[in-house]
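Let's take a walk through this protein together, starting with one residue and working outward. Keep the viewer open as you read.

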Amino acid sequence: ELCRLLVYLDSADVVARTIFLMQSSVAVKKDIPADVLAGNDRYGKAFLNMLKNQPDIQALHYALMLKNAKVGWTPESVTAYFTWFSKASSKSGGSSYKGFIKNIRKEALDNLPAELKAVAEKAPQYSPPATPTPIAKGPGRNWTLESATAAVTDLSTADAANGLKMFQAALCSRCHAHTGSGGDSGPELSALGTRFSKKDILTAIINPSELISDQYNFDILHLKDKSQIQGKIMKENDTHFFVASSAFDLSFQTPIEKSKVVKRTPSPLSPMPPSLINSLNPDELRDLMLFLTGK
């Protein structure tokens with residue numbers, strides 16, 4: 001609802017912040033009772049297809065809100081947003097689902113500034129991974145440090161193999177490597193259990209901005225037009241900074257002219273989204289903790 005309000009008020013920051021939320025949204029598995037599925041052959045089949053390849057309804061809501069945004073777009077955010085539509089179209093829904101996605105995209109394109117429409121049309125097509133990303137069964141909850149710490153006290157019945165799946169489901173593997181596989185924009189986590197307590201690990205997951213390593217911190221570029229660009233400065237030359245705005249993909253970088261930058265300051269916010277474990281139920285959280293700590 002805050003996103004909807006800020007779009008209506010023409011906030012200059014709502015697009016960038018909402019794109020970040022879309023990229024870090026964690027899909028949560030939805031189940032439908034078997035008796036409902038068996039009640040109608042036609043609709044039951046559509047529901048079964050959807051359950052096998054579920055769309056991310058939270059990201060879908062953000063996309064719906066952003067279609068009305070007329071300010072705050074950059075080539076980078078336009079590319080990320082319109083690439084998302086390709087990803088959404090690869091998911092399954094009811095008979096009206098793909099038309100719904102198409103209509104959101106069309107309205108968003110109509111509202112874009114003219115100079116960015118061509119950028120939207122050239123947005124890359126989404127390529128699904130060879131192995132689909134696991135989805136947590138849930139139901140999740142708004143984990144606090146206290147409730148999560150209490151939940152992982154006893155890991156005697158936890159399943160490390162499922163913990164690996166939760167490492168992927170909670171998007172940890174997008175930025176962190178563990179035992180040789182995963183992303184590289186965050187620290188390697190293979191020996192985590194030898195260096196940190198369970199509470200330390202949960203603190204970093206639930207409140208990642210509490211302590212940010214200089215090695216992984218993002219910067220804020222304050223521009224002459226009063227706007228701001230937040231991201232990791234991957235390189236620079238005499239005329240430009242090259243900024244990656246998402247830790248999920250550091251290869252996608254936007255050139256920012258140095259002549260437009262007033263100052264550069266460290267971001268007070270971690271590039272890691274908070275509370276990515278909120279999609280997990282207690283058993284899944286214990287499985288993840290066993291996978292991370294090995295004990």
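Before we start, one term: two residues are in contact when they have heavy atoms within 4.5 Å of each other. Also keep in mind that what you see is a predicted model.

With that in hand, go to Ile-205, which sits in helix α13, the stretch covering residues 198-206. Ile-205 is buried, because its relative accessibility is 11% and the cut-off for buried is under 20%. So who are its partners? Setting aside neighbours within four places in sequence, Ile-205 is in contact with Met-272, Pro-273, Pro-274, Ser-275 and Ile-277. For a sense of scale, pick Asn-49 as well: 156 residues separate Ile-205 from Asn-49 in sequence, and their C-alpha atoms are 33 Å apart in space.

Now step along to Ser-279, in the loop between β7 and α14 (282-293). Is Ser-279 buried or exposed? It's buried, with just 3% relative accessible area. Once you leave out neighbours within four places in sequence, the contacts of Ser-279 are Val-26, Val-28, Ala-136, Gly-138, Gly-140 and Glu-284.

Next, hop over to His-222 in strand β3. At a relative accessible area of 17%, His-222 also counts as buried. Not counting residues up to four places away in sequence, His-222 touches Ser-227, Gln-228, Lys-260, Val-261, Val-262, Lys-263 and Thr-265.

Stay with that strand for a moment and look at charges. Asp-219 pairs with Arg-264 in a salt bridge, with 3.2 Å between the closest N and O atoms. That pair links distant parts of the chain: Asp-219 is in strand β3 (residues 219-223) and Arg-264 is in strand β7 (residues 261-266), 45 residues apart. The two ends sit in different surroundings: Asp-219 is buried at 16% relative accessibility, whereas Arg-264 is partly exposed at 42%. Nor do they stand alone, as Asp-219, Glu-236, Lys-258 and Arg-264 are linked in a network of salt bridges.

How many salt bridges does the structure hold? There are nine, and two others are worth a look. In one, the side chains of Lys-67 and Glu-107 meet, 2.9 Å from N to O. Lys-67 lies in the loop between α5 (57-66) and α6 (75-89), while Glu-107 belongs to helix α7 (residues 97-111), so this bridge ties together parts that are 40 residues apart in sequence. Lys-67 counts as buried at 13% relative accessibility, and Glu-107 as partly exposed at 37%. In the other, Glu-121 bridges to Arg-105, and their closest N and O atoms are 3.5 Å apart. Here the link runs from helix α8 (residues 114-121), home of Glu-121, to helix α7, home of Arg-105, across 16 residues of sequence. Arg-105 is partly exposed, at 25% relative accessible area.

Since α5 has come up, let's look inside it. The buried residues of α5 are Ala-59, Leu-60, Tyr-62, Ala-63, Met-65 and Leu-66. These buried residues pack against α1, α2 (14-23), α6 and α7. At the N-terminal end of α5, Asp-56 acts as a cap: one of its side-chain oxygens lies 3.1 Å from the backbone nitrogen of Gln-58.

From α1 you can move out to the surface. Tyr-8 is in helix α1 (residues 2-8), and Tyr-8 is exposed, with 68% relative accessible area. Together with Leu-2, Leu-5 and Leu-9, Tyr-8 forms a nonpolar surface patch of about 490 Å² accessible area.

Finally, zoom out. The protein's secondary structure comes to 14 helices and seven strands, and the C-alpha trace spans about 60 × 55 × 35 Å along its principal axes. Why call the overall fold compact? A compact globule of 295 residues would have a radius of gyration near 19 Å, and this protein has 20 Å, which agrees. Buried residues make up 40% of the 295 residues. Among contacts with a separation of 6 or more, 67% join residues 24 or more positions apart. As for the outside, the protein exposes about 16500 Å², with carbon and sulfur atoms supplying 56% of that area.

Definitions and conventions: Residues are numbered from 1 along each chain as its sequence is written. This is a predicted model: local features need pLDDT of at least 70, side-chain atom pairs count only at pLDDT 80 or more; totals for chains, interfaces and linings use all residues. Side-chain values use heavy atoms; hydrogens and water are left out. Patches are made of residues with over 30% relative accessible area and no salt bridge: like charges are joined within 9 Å, nonpolar side chains (Val, Leu, Ile, Met, Phe, Trp, Tyr) within 5 Å. Accessible areas come from the Shrake-Rupley method with a 1.4 Å probe; for residues, only the protein chains shown count as cover. A salt bridge is a side-chain nitrogen of Lys or Arg within 4 Å of a carboxyl oxygen of Asp or Glu. Helices (H or I, at least four residues) and strands (E, at least two) are DSSP runs, numbered from the N terminus. Buried means under 20% relative accessible area, exposed over 50%, partly exposed in between (1.4 Å probe, protein chains only). The radius of gyration is taken over C-alpha atoms; the globule rule is 2.2 Å times the number of residues to the power 0.38. A polar contact is a pair of N or O atoms within 3.5 Å; within protein, one must be able to donate a hydrogen and the other to accept it, and residues adjacent in sequence count only if both atoms are side-chain atoms.
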